[in-house]
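Grab your viewer and work through the exercises below. Try each one yourself before reading its solution.

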Amino acid sequence: MSFATRDGRDWTPQYLISIDAKKCIGCGRCFKVCGRDVMTLKGISDQGELVELDDDEDDEIEKKIMVLNDQGACIGCGACARVCPANCQTHTSAVSEAA
């Protein structure tokens, strides 16, 4: 799938398909630039389980990371990848995803 920008240049959307939990530092920059709720911030417990963040349980959280929330809402703009300091996201075009 390929599109054109307003001035006619070719553009292929790059959709977010995964976030590497080992690389993610939980800074939230990607979440702040995405207006489509594609990602959400979660916690990893001392036991390595993914948990909802709750003010009462912050002492039980080992690390905070971003995870996919609604992958289908991604429009492929790539803003999240441009602001990510950890380079923890994987993006693909719809064409390469189908292959």
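**Exercise 1.** Work out whether N87 counts as buried or exposed, and find where N87 lies.

*Solution.* Start with accessibility: N87 comes out at 58%, so it counts as exposed (over 50% relative accessible area; buried is under 20%, partly exposed in between, with a 1.4 Å probe and protein chains only). Next, place N87: it sits in the loop between helix 2 (79-83) and strand 7. Helices (H or I, at least four residues) and strands (E, at least two) are DSSP runs, numbered from the N terminus. Finally, check the backbone: phi of N87 is near 50 degrees, a positive value in a non-glycine residue. Most residues other than glycine have a negative phi.

A quick note on the setup: this is a predicted model, where local features need pLDDT of at least 70, side-chain atom pairs count only at pLDDT 80 or more, and totals for chains, interfaces and linings use all residues. Residues are numbered from 1 along each chain as its sequence is written, and side-chain values use heavy atoms, leaving out hydrogens and water.

**Exercise 2.** Do the same for D37: where does it lie?

*Solution.* D37 is in the loop between helix 1 (29-33) and strand 4 (39-45). Its phi is positive, about 55 degrees, though D37 isn't a glycine. With a relative accessible area of 48%, D37 is partly exposed.

**Exercise 3.** Describe the surroundings of Q89.

*Solution.* Q89 belongs to strand 7 (residues 89-92). At 11% relative accessible area, Q89 is buried. Leaving aside residues up to four places away in sequence, Q89 touches several residues, including L16, M39 and C84 (contact means heavy atoms within 4.5 Å).
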